[in-house]
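Open the model in a viewer and keep the selection panel at hand. The tour goes from one selection to the next.

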Amino acid sequence: MVRILIVEDEIPISDLLKISLSDAGYQCTCVDNGIKAADLIEKECYDLILLDVMLPGIDGFELMEYIRSTETPVIFITAKSGVCDRVKGLRMGAEDYIVKPFDILELLARVEGVLRRHGKLKTTICVGGLEINTLSMIVSRNGCEIPLTRKEYEILLLFARNPGIVLYKSTIYERVWESDYPDHTRTVELHVQRMKKKVGWEEKVKPVYAVGYRLEV
C-alpha cells in the first residue's frame, strides 16, 4: 500500500487530507510540526510527503533540505501563494505546489500524478466487487471481463479513485470529456446509468440530489 506522510499543523486540513486519501486507498500518517516530521522521516520510508510551509519547529522549506537527501517526492501545500514562494519550493525539488484553499479532487489528481511519475501508483484497484487494471484498462468481476466504452471506463475509474466523495456532474464532465460543462445536458446522467448497470453498481453509486453522485462501498 502507498504510504503518505502529511505534515500539516492545521488539524481540520490534516483530518480532511487523511480521510480523503485513506478513502482513496492510501495509508496516511499525520504530524503537526517539522521536528516530529524529521524524526519520522529518519525512521520510516514514505512514498510521498504532503508538506505545509508554515510549521512550528522548523518550517517546510527547511525540512525540504533534509527530505531531498531521501529522494522522497514532495508536494507543498501552503497558504503562501506568492510566485517567489512557488518558485522556491519547486527549485528545492518539490514535485508540485498547491495553494490553500484547494479542491480535494484536484489534490487527489495531483497526488496520483506524482505517484505515477515515480512508479509508485498501484496498477490494480479493487473496489465494490470489481478489479480494475489501470494499465490494460480491463474491468472484471470474479475473473470475468466487463466490456465498457472509453467514457464509461473513465467515469468508473473516477468513482473508484474517489470513494465516499461527492462527484459533481460538472466535475465528471470536465474530467472525462475535458471541456466545460454545458448547460441543459443529460450526457453525464446517461453515461453514469449505463456504467452502473454494466458493472452492477446500481445500489452503490448513489445520486446526490441536484448535485451529482457518490460511490458508497
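Which residues lie nearest the centre of the largest pocket? Select Glu112, Arg116, Leu157, Leu158 and Arg161, which lie nearest that centre among the 32 residues of the lining. Bear in mind throughout that this is a predicted model.

**The pocket**

Show the pocket as a surface if the viewer allows: the largest pocket has a volume of about 730 Å³. Next, colour helix H5 (104-117), strand E6 (124-127), H6 and helix H7 (169-176), the elements that each give two or more residues to the lining. Colouring the lining by class gives 17 nonpolar, 5 polar and 10 charged residues.

**From H6 to H8**

Keep H6 (residues 150-160) and add helix H8 (residues 187-199). Their axes are 9 Å apart and the packing angle is about 80°, which makes H6 roughly perpendicular to H8. To see the contact, show side chains for Lys151, Glu152, Ile155, Leu156 and Phe159 on H6. On H8, the residues to show are His191, Val192, Arg194, Met195, Lys198 and Val199. By class, this contact between H6 and H8 has 6 nonpolar, 1 polar and 4 charged residues.

**From H8 to H7**

Leave H8 on and bring back H7. The axes of H7 and H8 cross at roughly 85° and come within 10 Å, so these two helices are also roughly perpendicular to each other. Select Lys169, Ile172 and Tyr173 in H7, then Thr187, Val188 and Glu189 in H8; these two groups meet. The contact of H7 with H8 has 3 nonpolar, 1 polar and 2 charged residues.

**The three-stranded sheet**

Now select the open sheet of 3 strands, ordered E10-E12-E11, with antiparallel pairing. Strand E10 (167-168) and strand E11 (205-208) are the edge strands, each pairing on one side only. Zoom in on E10 and strand E12 (residues 212-215), which pair in the antiparallel sense over 2 bridges. Here Tyr168 stands opposite Gly212 in E12. Turn H6 on again: H6 packs on this sheet and touches E10, E11 and E12, its direction making about 60° with that of E12.

**The five-stranded sheet**

Hide that region and select the other open sheet. What is the order of its 5 strands? The order is E2-E1-E3-E4-E5, and the pairing is parallel. Strand E2 (27-31) and strand E5 (96-99) are at the edges with a single partner strand each, so one side of each is left without a neighbour in the sheet. Looking across the sheet, neighbouring strands are turned by 20° against each other on average, direction ignored.

For a closer view, select strand E3 (residues 48-51) and strand E4 (residues 74-78), which run parallel and are joined by 3 bridges. Ile49 can be labelled here, standing opposite Val74 in E4.

**H2 and H3**

The last stop is the pair formed by helix H2 (residues 34-43) and helix H3 (residues 60-68). How are these two helices set against each other, roughly parallel or roughly perpendicular? Their packing angle is about 5°, with the axes 10 Å apart, and H2 and H3 are therefore roughly parallel to each other. Show Gly34, Ala37, Ala38, Ile41 and Glu42 on H2, and Leu63, Tyr66 and Ile67 on H3, to see the residues that make the contact. These residues of H2 and H3 divide into 6 nonpolar, 1 polar and 1 charged.

How values were computed:
Residues numbered from 1 in each chain as written. Predicted model: local features only at pLDDT ≥ 70, side-chain atom pairs only at ≥ 80, totals over all residues. Heavy atoms only, no water. Axes fitted to C-alpha atoms, helices over the stretch in contact; angles between N-to-C directions. Helix = DSSP H or I, 4+ residues; strand = E, 2+ residues; numbered from the N terminus. Parallel < 35°, antiparallel > 145°, perpendicular 65-115°, else oblique. Contact = heavy atoms within 4.5 Å. Nonpolar A, V, L, I, M, F, W, Y, C, P; charged D, E, K, R; others polar. 1 Å grid on protein atoms, 1.4 Å probe; cavity = no way out; pocket = protein on both sides within 12 Å on 5 of 7 lines; lining within 4 Å. Points joined across faces, edges and corners; volume = space filled by probe spheres on them. Pairing = 2+ DSSP bridges.
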